[in-house]
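This report covers chain symmetry, chain contacts, domains and one helix pair. The structure comes first.

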Number of protein chains: 4
Amino acid sequence: MSRKSPQNPLFDAQPFNRYPQWLLNKLRPQAISLIQRVHAWVETECIPAEQIMKAQVAQSRWETPELMRQLRQKAKSQGLWNLFLPDHFKESPGLTNLEYSCCAEIMGRTYWAAQTMNCHAPETGNIELLAKYCNDAQKKKWLKPLMDGDFSSAYSMTEPDRASSDATNIACRATREGDEYVINGRKLYGNVKWNADMKVYILMACSDPENPDPWRRHTMLLVPSDSKGLTMKRNLTIMGYDHAPEGHGEYVYENVRVPKENVILGEGRAFEIAQGRLGPGRIHHCMRLIGQCERAYELALLRCKDPRKLPRGKYIGDFDSNIERLATMRLEIDAMRLVVLNAADTMDSLGNKAGRYVIAQSKILVPEMAAKIVDECMQLYGGQGLTQHTPLPEIWTYARFVRVADGPDAAHRHQVGRDQLKGFETTRKRHLAYADKARELRKHWAFSGELEDGEFAWDYIPPSGPKL
Amino acid sequence: MSRKSPQNPLFDAQPFNRYPQWLLNKLRPQAISLIQRVHAWVETECIPAEQIMKAQVAQSRWETPELMRQLRQKAKSQGLWNLFLPDHFKESPGLTNLEYSCCAEIMGRTYWAAQTMNCHAPETGNIELLAKYCNDAQKKKWLKPLMDGDFSSAYSMTEPDRASSDATNIACRATREGDEYVINGRKLYGNVKWNADMKVYILMACSDPENPDPWRRHTMLLVPSDSKGLTMKRNLTIMGYDHAPEGHGEYVYENVRVPKENVILGEGRAFEIAQGRLGPGRIHHCMRLIGQCERAYELALLRCKDPRKLPRGKYIGDFDSNIERLATMRLEIDAMRLVVLNAADTMDSLGNKAGRYVIAQSKILVPEMAAKIVDECMQLYGGQGLTQHTPLPEIWTYARFVRVADGPDAAHRHQVGRDQLKGFETTRKRHLAYADKARELRKHWAFSGELEDGEFAWDYIPPSGPKL
Amino acid sequence: MSRKSPQNPLFDAQPFNRYPQWLLNKLRPQAISLIQRVHAWVETECIPAEQIMKAQVAQSRWETPELMRQLRQKAKSQGLWNLFLPDHFKESPGLTNLEYSCCAEIMGRTYWAAQTMNCHAPETGNIELLAKYCNDAQKKKWLKPLMDGDFSSAYSMTEPDRASSDATNIACRATREGDEYVINGRKLYGNVKWNADMKVYILMACSDPENPDPWRRHTMLLVPSDSKGLTMKRNLTIMGYDHAPEGHGEYVYENVRVPKENVILGEGRAFEIAQGRLGPGRIHHCMRLIGQCERAYELALLRCKDPRKLPRGKYIGDFDSNIERLATMRLEIDAMRLVVLNAADTMDSLGNKAGRYVIAQSKILVPEMAAKIVDECMQLYGGQGLTQHTPLPEIWTYARFVRVADGPDAAHRHQVGRDQLKGFETTRKRHLAYADKARELRKHWAFSGELEDGEFAWDYIPPSGPKL
Amino acid sequence: MSRKSPQNPLFDAQPFNRYPQWLLNKLRPQAISLIQRVHAWVETECIPAEQIMKAQVAQSRWETPELMRQLRQKAKSQGLWNLFLPDHFKESPGLTNLEYSCCAEIMGRTYWAAQTMNCHAPETGNIELLAKYCNDAQKKKWLKPLMDGDFSSAYSMTEPDRASSDATNIACRATREGDEYVINGRKLYGNVKWNADMKVYILMACSDPENPDPWRRHTMLLVPSDSKGLTMKRNLTIMGYDHAPEGHGEYVYENVRVPKENVILGEGRAFEIAQGRLGPGRIHHCMRLIGQCERAYELALLRCKDPRKLPRGKYIGDFDSNIERLATMRLEIDAMRLVVLNAADTMDSLGNKAGRYVIAQSKILVPEMAAKIVDECMQLYGGQGLTQHTPLPEIWTYARFVRVADGPDAAHRHQVGRDQLKGFETTRKRHLAYADKARELRKHWAFSGELEDGEFAWDYIPPSGPKL
């Protein structure tokens, strides 16, 4: 099949030149333009400012830096704001999941770039949740300012003493007393309340522990961060990083009281709410990770031709072992991208629910591979690779973090594996049909009994077995 | 982004149900119909006949079995013939690379199914080559019967004593004497001449060893298999398998004479010819491998719920370690498929040449992962997994073979890695721009000199270095 | 610590030069001499005869080749016979497990060398079993000729339709009728009876299925290979290899009758017998595998400096990626050897039973790593690596086979893992003691309550939990 | 081989119960006693104090904490001091490398325990170096206080802009001017001078760049930390950790002047000195890493039976996937220990120089495997595994750091691989001898020419080739 028509020359350049053809053909003009603007924004406003951002955070650890405030203001004024919003929002820029994925990869190049455009976790998930499930009064009070970027929110589900990968285990109690709920329990993660911009927690708590239906026992509540009795025990570091100025907190709820108006959707309906939350967020995480990998890969390339580093008189990139490493990393990053883009495209075509498998595929494969690739990039830098001389340690930590965020790989693998096993009976029937037809053929060809050469028969097809 | 429209219900079933949405949207009606017919053909005519085929081969090791002859006749009469042909052939069914890839995966479910449809290696590559480079007389004599399936051909390039991954090393000599070429040398692979259907070798030989341009030293010649002086030393087994009745031969050319009419394209033009040959064939190999993996995966599923195998009283598939294995294999097979399909789609959009990188991506990633996955399937069968009780050992061997066919992974990785290094200067400039902008920002924010917190600077950007 | 005394110069040469120092210091003079003789035997009588052996087997597939008969005669006459026998045999050469391991590695260099010295599986295990559990009459009839090498035996346990990794599942029935047992069932593996030297099966069968103690239901019986009703359905190939002239059989027992005198030890005592069989045999397998790896490694080295193979004008071994591969393989082979030698030494010190863990360690780690290493060696040979041009495919297959022989890795891993979990309570107590002491220290240093910096506490120590 | 004698019951308990038998048999009574005392020390004085130590460091980041001072005082008074000293020191406790390795593993359980006994890097290496190469005046001034623990030292070799894995690249200049050397350059690593106890740098600098012998160009100098012109640019973090209060520094030397008396051994003799330094230190690092792995493994065990974490109602350790993980980690930790202990034993028997290969084996295999194992342990803890709730992130970081300390794996692999290639000719001769003997056998058995079955010949033995 020879080339039918020349490609749009635009697509030979950053950020389009690593996208698959099938994607390029689906990009609408307005999306192309928006992707270009996001690209320009990250290239000129974000990456070069990384050190300023760090320095400002260093000066005042738990305060949103002035640089971030200014960038958010500027991005918002340019329409680079809330790009992730699905098109049923009137504020949505109308990007498909696939188109937004391209933006997310670009944002991933520096980990805080998404925040400049109000496209960062956990806000994206929280905004979608509030929009979908809150009543008008709640929306006005909580959703509007989040979308405007006036304050920030946290999602509070995981607990220290529970296997939270199965959320029915969640134990933090919310007990109705008159017009209030009284909350007691401990929570992990959720952005730190030391940051004054953090105003509200979306809390999952157990309100009806005796309900025979375990999926109706929990309630989702809005808890203001200045609630009495809500204390933050410590900042949770991730591989030693405090991730200031947002960070992750460890919280104690001790007789925290919130009015019943703060219940989302209704008592006992937390799982209804939680279910819809995770799909797109996981894809965004994965695309940002790919952006991080591309950044790490560029650093690997730079090291490979660094004339200051000439072990045994050769460029590091002249050693064919490193040439192989560069190749492997490139091939794997690009394969990961195909996986995530396919997930986004599937969600666009069939909806988030039908996309469950492809989302899980991204969630399981991408972070593990990303951590491995960035580790390899660090290794190319030798001892320096682990120091703050490059952003690689922070990138690695982000990849490692995404691997456990929303539950460890194993939990997701189990889900996929169990779904596969449901295909057993269909597979068995398919093979039984082979065997039936094979018996006919044997008669036709007059082979009787055992085939001569001891070749494989159909004995591997199991009989029907009992449920154990 | 919610589901816009329900999917064609056809696509929820075999063979379409594992294809990505973006592909489904590209399939034209006639392609859908053809894919369905190939699917039905393989399901009912090929897989159930596997044991008959083996038994017939066992009876007469190097003869094309009667079953194969009948199936080819039947497939041809039904129009399931030469499906791989690009649309510039008048005999082409007009499939895009992407559409044909779907067929190739299905054919891969049993390794000889492709042959029933004259879509097997090395014929596909040979037919494309002869069609592209032969003159009319040659086409009539050699191409026509190959396309009609009247005889078969071999491609003869690799040599025992040369590093053939760099084809300029090829040493077999073809010396012009009058109107003939006299050929002397040794060759590996190429189907065995013990099979009487094997009529012609497409031979790459060195005709002009002194030519200063190493890419002009070699000539491609058509060598009839009954040429005097051409002897087959032995059948080359692959991991012990003789792969009868086609197999792989080890050949000696001793003063073999062919008329100058048998030169393809012209003396010294072998590399021009060779270059175009490999792309699509590699994709076909990879898609067939994915079909093989799906077959192996089904066997794994069957084992997992086999009531005859209940270690410690549980189904093998009730052990969560195996549930994780099933998940991992499924995720990786599907990721591989995305890689190969993207390669096919890229070739459709931009041509084979522009597809070089994506073809290499498939060639490197797929066979290695496939061998690993099939090995895991075998392991689920314990000791039985290595015996002829299942087709798994043959599937594994095919995957392992594809990994070295057309050169070992390392050679392909080097090519990709070297191409990546060419991006060094662009990358460097991009990062220099970051650093320039960062200097401005520093002034703007009045940070002077060393940033406070010892954060990373741009020192990792190398200066321009000498060529070594 | 500087070198105290020069090493015995003997130890700088084959076969001693890769042994760890602690082993060399334990080798007794007579063992050194025997190891040297085994080395010389394999170097001059076995490896150079590999092709003759193959050719003789090819001529008469299921007959012990004349070369093998002569070599066995010669080895026996030189005292290189039954070297594996533990020293409680009067025929034992008196080697420790450690010393014999050195011999086994050497024998492993060509897979049939052990047989020339009557040190091959399954004879070694069978001889030990018969010696330990047979009465005098049985010993005279079956053990004596086995030790003399007059005929060969098979061990028959695994079944096609059972999860044999848990032997209590074994279903083949042996029913007492008068003075005989009547046997019905199917068995996998066990050398093929097509070889006329194969005279007796050591069969594990279920004699008392209703016994409440599952470990008392099975009986071990001696079944002559010419018993009526015993048929061999087919030779079981291993990855396509028939492993002639011994091979592996698939057997049907149909009303096979053996006299009650053929019961070993007593009815219902099969597990008592089976238990003692596997330890040393697994170590022998692993050491032979290491010998095979060394052989494969030598081939890799030869390829690396082959002047006939100069891709891009360099030796394969001049590519630093291959230098790294050579290093990795070398390091891993040597690490494996340390693992197996430690197992042998532990058995010498503490007995086979106490060696269970170290034996499992060898069984799990060595075959998997060996298969990986040999695969890498094959890959260095490119396409040729999979053909019969080198012994590598057969070596790989042997390693892959050992991985599933005696049950798949997973079964052994589970055993080890469960044993580890038994250490939970000890570990918990240890950490509780840390926490107790830490509380004291906190008082002493006047740190109260929460430590300042949010450092880790001892919360990870779990409370005591219920048995689930 | 049955058990000859019962094991010393002492050896069934911590810390001896994971040591191989061959080691136990070599431990002398005084070593056993010392190992026990180190064990008790770490169990009761160090691990329980981990949080106090952290809290004190947090209060005064770059000051040696009071707790450390007290522990050092106490350990010293109990004779748990400088245990690593080889027996040619009069202060040596007389431990062999093997015996000291047991101590080092125990010390590794908490990363600063070694420091309490003055057995920590870089002091151990620096003390050995100064002891071996300094003159009496230097020893009195620098070595004595280091051995007494009065101050600490740093080793200063690596540079930011050089490929320091090849030390001949080192560029920092030391120019003789009169009775002084003037030093200019930049250095990475070396403990931070912000800690007031850090008194002296052992600096490797280039003093004679034009010397035709690259191994004679460099000089080792003692540089007091308060030298004028010596500034520390920043603390180098390792994966974000500052490793206070010792840490790693980035240094600038600007016209730093030291008297010529501070030259060690003599101008141009740096490589003589450097060579002897690394062997034992690498083994110590690796043994400490194994101690860290054991600690991490214990945490994994604790998690596996934590009743607070019951995903799907089961202990994490009841999932057989985790049982397999526990098994794999256990087997690999123990295999690593065998590798390092063998290295130590080889050094005891043959000296450090002869131990080069086994030291490299430890250096290459252990840190990579350790990082992998600790990563797996973290993963068992899910999201919490990355936080400060357990010491796992710090343990992982230490393992990752050791992987690049003293040069990345690749440099060490290259050394090993190149050494292996030196064995090519010996290997070739060995195989040529096989082929010679095979030719004789062929005649004897009257096989002529090509063997029938196409079996492998000896063609893989390469001819002698040119040096390229």
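## Symmetry of chains A and B

In this predicted model, chain A superposes on chain B with an RMSD of 0.1 Å after a rotation of 180° and a shift of 0.0 Å along the axis; the fit is by least squares on the C-alpha atoms of residues with pLDDT of at least 70 in both copies. That is the relation of a two-fold axis. Both copies use the same surface, since 100% of the contact residues of chain A recur in chain B.

Residues are numbered from 1 along each chain as its sequence is written, and chains are lettered from A, with ligands numbered from 1, in the order in which they are written. Local features need pLDDT of at least 70 and side-chain atom pairs count only at pLDDT 80 or more, while totals for chains, interfaces and linings use all residues.

## Contact of chain A with chain B

The contact joins 96 residues of chain A to 96 residues of chain B, where two residues are in contact if their C-beta atoms, placed from the backbone, lie within 7 Å. Helices that each supply at least two residues of the chain A side include α1 (21–24), α3 (50–59), α10 (278–304) and α15 (424–444). Helices (H or I, at least four residues) and strands (E, at least two) are DSSP runs, numbered from the N terminus.

Helix α11(A) provides the largest share of this side, 19 residues. By class, the side has 47 nonpolar, 25 polar and 24 charged residues. Here Ala, Val, Leu, Ile, Met, Phe, Trp, Tyr, Cys and Pro count as nonpolar, Asp, Glu, Lys and Arg as charged, and the others, Gly among them, as polar.

## Contact of chain A with chain D

A turn of 180° and a shift of 0.0 Å along the axis lay chain A on chain D, with an RMSD of 0.1 Å. Gly240(A) is the residue of chain A that comes closest to the rotation axis, at 3.1 Å (C-alpha). As many as 100% of the contact residues of chain A recur in chain D.

This contact takes 37 residues from each of chain A and chain D. On the side of chain A, helix α13 (residues 392–404) gives the most, with five residues. That side divides into 17 nonpolar, 13 polar and seven charged residues.

## Domains of chain A

An automatic or database domain assignment gives domain 1 (10–120), domain 2 (152–270), domain 3 (277–421) and domain 4 (435–468). The C-alpha centres of domain 2 and domain 4 of chain A lie 59 Å apart.

An unreviewed UniProt entry places "domain: Acyl-CoA dehydrogenase/oxidase N-terminal" at residues 35–150 of chain A; UniProt positions are in the numbering used here, feature names are shortened, and annotations may be inferred rather than shown by experiment. This span is 63% helix and 0% strand, with its end C-alpha atoms 25 Å apart. UniProt also lists "domain: Acyl-CoA oxidase/dehydrogenase middle" (unreviewed entry) at residues 154–256 of chain A. Residues 154–256 of chain A are 0% helix and 48% strand, and the end C-alpha atoms lie 16 Å apart.

## A helix pair in chain C

Helix α12 (residues 356–380) and helix α14 (residues 409–421) of chain C pack at an angle of about 145°, with their axes 10 Å apart. Axes are lines fitted to C-alpha atoms, for helices over the stretch in contact, and angles run from 0 to 180 degrees between N-to-C directions.

Residues of α12(C) in the contact include Tyr357(C) and Ile364(C), and those of α14(C) include His412(C) and Val416(C). By class, the contact has four nonpolar, two polar and four charged residues.
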